[in-house]
Amino acid sequence: MTVSGLAAGATSITAGFHHSCAATGAGAITCWGLNDHGQLGDGTRVNRTRPSQVVGLSRGASLPTGGWSYSCAVAAGGVGKCWGANESGQLGNGTTTSSLVPVTVR
């Protein structure tokens, strides 16, 4: 099945609880599905039925992964980035504050 709106093609796709993410051939990360905790990384809490660009991950990113209500990817330069729910510290940035956009894993 083709994912509608994944125009650049996908190099990898991952699934979280009720959302999915893909890395494109250009190195962008896009996500779609449930977004109640910001797990799509597009700066909103709006659910998406088509891929939505993750803020700040438009080139050189890879290896997206989806968790229960959060997502992570490797940004350009090998930097870990995560976004979404963070009540247990799953974003890895030393806080328990959720984020609608990627934060750097420390």
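A residue is called buried here when its relative accessible area is under 20%, exposed when that area is over 50%, and partly exposed in between (1.4 Å probe, protein chains only). The model is predicted, with local features needing pLDDT of at least 70 and side-chain atom pairs counted only at pLDDT 80 or more, while totals for chains, interfaces and linings use all residues. Residues are numbered from 1 along each chain as its sequence is written, and side-chain values use heavy atoms, leaving out hydrogens and water.

A handy place to start is the charged pair. With a salt bridge taken as a side-chain nitrogen of Lys or Arg within 4 Å of a carboxyl oxygen of Asp or Glu, the count comes to one. It joins the side chains of R48 and D42, at 2.9 Å from N to O. D42 counts as buried because its relative accessibility is 13%, whereas R48, at 29%, is partly exposed.

Next comes the interior. The largest nonpolar core (buried Ala, Val, Leu, Ile, Met, Phe, Trp, Tyr and Cys residues joined through side-chain atoms within 4.5 Å) has 11 residues, among them C21, I29, L57 and W83. At least two of its residues come from each of β2 (19-24) and β3 (29-33), strands being DSSP runs of E, at least two residues long, numbered from the N terminus.

Finally, the strands β5-β6-β7-β8 form, in that order, an open antiparallel sheet, where pairing requires at least two DSSP bridges between two strands. Its edges are β5 (62-66) and β8 (99-104). Strand β7 (residues 80-84) is joined to β8 by three bridges, and G84 stands opposite S99 in β8.

Conventions
Helices (H or I, at least four residues) and strands (E, at least two) are DSSP runs, numbered from the N terminus.
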